[in-house]
Amino acid sequence: MVDRIPLYPVRSASAADRRRAAYLSAAAPGPRAERPSRYQLEDESAHLDEMPLMMSEEGFENDESDYHTLPRARVRQRKRGLEWFFCGGWKFLCTSCCDWLINVCQRKRQLRARTVWLGHPEKCEEKHPRNFIKNQKYNIFTFIPGVLYEQFKFFLNLYFLGVSCSQFVPALKIGYLYTYWAPLGFVLAVTIMREAIDEFRRFQRDKEVNSQLYSKLTVRGKMQVKSSDIQVGDLIIVEKNQRIPSDMVFLRTSEKAGSCFIRTDQLDGETDWKLKVAVSCTQRLPALGDLFSISAHVLAPKPQLDIHSFEGTFTWEDSDPPIHESLSIENTLWASTVVASGTVIGVVIYTGKETRSVMNTSNPKNKVGLLDLELNQLTKALFLALVALSVVMVTLQGFVGPWYRNLFRFLLLFSYIIPISLRVNLDMGKAAYGWMMMRDEHIPGTVVRTSTIPEELGRLVYLLTDKTGTLTQNEMVFKRLHLGSVSYGTDTMDEIQSHVRSSYTQLQSQAGGHSSTPPRKAQASGPKVRKSVSSRVHEAVKAVALCHNVTPVYESRTDVTGETEYAEVDQDFSDENRTYQASSPDEVALVQWTESVGLTLVNRDLMSIQLRAPSGQILTFCVLQTFPFTSESKRMGVIVRDESTAEITFYMKGADAVMSTIVQYNDWLEEECGNMAREGLRTLVVAKRALTEEQYEDFESRYTQAKLSVHDRALKVAAVVESLEREMQLLCLTGVEDRLQAGVRPTLEMLRNAGIKIWMLTGDKLETATCIAKSSHLVSRAQDIHVFRPVTNRGEAHLELNAFRRKHDCALVISGDSLEVCLRYYEHELVELACQCPAVVCCRCSPTQKAHIVKLLQQHTRRRTCAIGDGGNDVSMIQAADCGIGIEGKEGKAASLAADFSITQFQHIGRLLMVHGRNSYKRSAALGQFVMHRGLVISTMQAVFSSICYFASVPLYQGFLMVGYATIYTMFPVFSLVLDQDVEPDTAMLYPELYKDLTKGRSLSFKTFLVWVLISIYQGGILMYGALVLFESEFVHVVAISFTALILTELLMVALTIRTWHWLMVVAQFLSLGCYVASLAFLNEYFDIAFITTVTFVWKVSAITVVSCLPLYILKYLKRKLSPPSYSKLTS
């Protein structure tokens, strides 16, 4: 892999320094001449030669700003004057002028931070976009021009338009107008109708969303407003199960806990509910109307793409003293999410195209298949041949008379070289392939939404897939608990249950003696003696039951119309009414496991957690602090006080990579984590630390002070929390399995054998993504995994890329942040290295990053890409790929509706590609080339005829004969090629290696095209010369003999091309022959009826047809014997 990467040598540090110092001293005399010292490479000379990746001539500093301010040393080598202008300067000038005009006509508004006053949109300092969702590609004025442009930007259609328009000029008229305009009009009418229907559906969906009614809170009370009329600063009330219309800051909720759940599946692709917390000072207000009695505002940063972060400030000005409350991501409600519990009130901070959901959605592009582009290139080659042939004819004519008019007439006479029926046949073929896919009983529920690119399914090289809901079911199951000396699996969970029961029975009996003092003594003396297995199991289970962000939700049994949708704590703790909600499904799996072994989470709010012991006793813990999981910390913690004993305990769980340095020394953690990871389990290390009252009070004061700091708030808070994370007691290691979708492993294996490289792009955390990559066999057991370390600047990216270069045949795992930094400086190198990996996993990817990765692959590899996903966060990726596949699953229908193809299970992609992709490409290639052959044959006959007739621009066949040749006489047999197949579906699925040949494009290339051209010239020459040699007295006999032989030749050529016969093919052959024979009786003006009923006519036609076809049949037989195709051994 390394040998194929072009390396860019780096000059020695001393030479670079001298050049840089000389350049900078010349450019900046005076005091600034000292500046070069900033760029000296003092420490780098030792290891510079180990960095063979491309660097700028000046080297680099770790500070990114240095890289941007560093001048280029090649300035003096610029070309000047006319040399510069002709060597690309003209293009630069044109581009600059166009960019300037676009900027003048459509100035992009600069995004800024804003101050939003509660309930006073009129106080906004600047105008904000309307809260209007628009997914339409056109409007009423641009629809027709836009659709026509999309059609006529292809040379094929533009050529047809030119030929058809020429028939309005009397001097150039060759045949009837309908022979030219009917096929072109049919193609345009079908295209415009299809686009109009799609556009109308988009309009209806947009109108439905924009017309949704919401309650807006005003000074005069509630009023109903449309979603499109919501403004920045409005106070909006959103009910349960209602979509949030714009980005808001969460002010109040009907829930007593001051928090609510929202569903974010259409934003980040995760099906788990997210807990959101209301601003505390507005939640404490007695009534809704009090929001207007206070003077308060929100300071919000400028709109940005990141859906996982937010830093704002809520200020209550007329309070004494003024209250300042920091706002984070948990205080926000992003647009396109859905309220899952209670009723919420929020202040709108971003609307319309400034909302997170819209900024993370890219505009859909009009997709064009690679086969269409290849046919477009062949059409251009045919056009050049057409012009050359016409010029030769006029030259041989001697340029007599109005030669330019003759040239145009020859162009029109030979225009059948590029058959106007090509687009009709291909479009009808694509519709047939789509129908076959939707009727395939092996992949039920498949929907073809873009009927123009079915052949793309047979040309794919890169498959980019989402993880959650696509490869996995997003259903977690607890599999393993390891305590160091003992391990419990699914078959020994009953032992854990008995340990927990005995522990709580013992504690209860001890507590029943006098008070809570004995257990506290036992706890204090615990470390001095070796704890029993039972107490260790109890401690581990209790830690897992307390250290999480899970909230139990109780559905009301009765249909209550009031505000309370969930039963309160003191009303109903019954297990059948309870469901768990959390931001991560493995959190829910852990809590469900603790319930199964006897310790049940029954209630949770911001201040307390209540557990139910096996005996039915309710244990209450006061939540003092919660430290949520972040991608940087890779751990979460909670400080709780046991209300029965007043003990304060700090519980923490997280990834083994970070927890191994926090917990006390042990000799088993690393080994067991590796064992579980190899099984594909998601591991979490659980630890605890007992705190005294004094220790906690000291921590709380420092923590509160850090949270109020204005600068470096996150760093200061992390530093205070880390002061607690020392010498923690290791309790246990847990292993949770994320269940894969049915058939994922064999499907990925099949795709890999087919030569398709699979990249997994997920918004999930790195550890989870790595586990799924292993368990799904995306990365085989024998392969190494290179985890790309987090990088923040150019220097770190350079060093990490060098480390990656030295690895061989290993899968790459990289985070979205590191990817962004690498692409900024080393885009080409990173993509080059990643493309040679057997598998790539990108975690913590935003929707726009997913789309960006797809575009990078398209630009750097020029290969066809396919994206598959099931959530709203996959829409951008699906639309950017050459072929988008959506799975209709738990995360809604957004991906399915935006995709080109919709399936119900990931495993269906195997048959979709191996069978339908193969057949679509092979059939369209054969159909396109055969239609061209049909036009080339008749054009060759016309050329021979004109040569015999002193190069006169006179048509050989006129009127209905030309229309009939392209339609009823040959259309059915030619179109029956869409039923042909080279291998059986079962064989294509059993041997996916056959798919590799398709990506090389050998079914339609200049080589195969040239073969068909030679066949056409041979057959056209034989047919015309044979008819001229064998005709007796009248010219009409030449027309009869040659045209009949032409029809029979075309029917026989279809039979020669077919590899697997279908009964409809046989019907099409006889139907076409019957139509031709029946029409002879009505074509008196073209044929001599008396002559065509004689034996002479029959033997002459038969002789010419045999001479034109027999050699080709012999050649085909010899080729199959001497050079059989790759699949022939499998089908024999």
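Is Phe972 buried, partly exposed or exposed? In this predicted model, Phe972 is partly exposed, because its relative accessible area is 33%, and a residue counts as partly exposed when its value falls between 20% and 50%. Phe972 belongs to helix H30, which runs over residues 971-975, and it helps to make a nonpolar surface patch of about 830 Å², together with Tyr176, Tyr178, Phe960, Ile968, Trp1063, Leu1064, Val1067 and Leu1071. The element that gives the most to this patch is helix H35, residues 1063-1079, with four residues.

From the surface we can turn to a helix with many covered residues. Helix H12 covers residues 422-439, and its 18 residues should span 26 Å at 1.5 Å a residue, which agrees with the 26 Å that separates its end C-alpha atoms. Among the buried residues of H12 are Leu422, Val424, Leu426, Gly429, Ala432, Tyr433 and Met436. Lys430 of H12 is buried as well, and this lysine is joined with Asp372 and Glu455 into one network by salt bridges that share partners.

Aromatic rings offer another way to follow the fold, since a search of the whole structure finds 22 aromatic pairs. One of them is formed by Phe155 and Phe383, whose rings are edge-to-face, at 5.2 Å centre to centre and with 70 degrees between the planes. Because Phe155 lies in helix H5 (residues 155-166) and Phe383 in helix H10 (residues 370-397), this pair ties together parts that are 228 residues apart in sequence. Phe383 also pairs with Tyr159, with the ring centres 5.8 Å apart and the planes at 70 degrees, so this pair too is edge-to-face. Tyr159 lies in helix H5 and Phe383 in helix H10, and therefore the contact bridges 224 residues of sequence. Tyr159 counts as buried at 9% relative accessibility, whereas Phe383 is partly exposed at 27%. Elsewhere, Phe627, Phe650, Tyr696, Phe699 and Tyr703 form one aromatic cluster, and Lys123 lies over the face of Trp117, at 4.6 Å from the ring centre.

Charged side chains make links of their own, and the structure holds 30 salt bridges. In one of these, the side chains of Glu354 and Arg114 meet at 2.8 Å, N to O. This pair links distant parts of the chain, 240 residues apart, with Glu354 in the loop between strand S13 and helix H9 and Arg114 in strand S1. Both partners are under the 20% cut-off for buried residues, as Glu354 has 3% relative accessibility and Arg114 has a relative accessible area of 5%.

Two further salt bridges can be read in the same manner. Asp466 and Lys850 meet at 3.4 Å, N to O, and because Asp466 lies in the loop between strands S15 and S16 while Lys850 lies in helix H25 (residues 847-861), the pair ties together parts that are 384 residues apart in sequence. Asp466 counts as buried at 3% relative accessibility, and Lys850 is buried with a relative accessible area of 0%. The side chains of Glu539 and Lys688 meet in another salt bridge, at 2.9 Å, N to O, which links helix H15 (residues 533-546) with strand S25 (residues 682-691), the two residues being 149 apart. Here again the partners are covered, since Glu539 counts as buried at 7% relative accessibility and Lys688 is buried with a relative accessible area of 6%.

How values were computed
Residues numbered from 1 in each chain as written. Predicted model: local features only at pLDDT ≥ 70, side-chain atom pairs only at ≥ 80, totals over all residues. Heavy atoms only, no water. Patch = residues over 30% accessible without salt bridge, like charges linked within 9 Å, V, L, I, M, F, W, Y side chains within 5 Å. Areas by Shrake-Rupley, 256 points an atom, 1.4 Å probe, with all protein chains shown as cover. Salt bridge = Lys/Arg side-chain N within 4 Å of Asp/Glu carboxyl O. Buried < 20%, exposed > 50% of the residue type's maximum accessible area, 1.4 Å probe, protein only. Expected span 1.5 Å × (residues − 1). Phe/Tyr/Trp six-rings, centres within 6.5 Å; stacked < 30°, edge-to-face > 60°. Lys NZ or Arg CZ within 6 Å of the ring centre and 35° of its normal.
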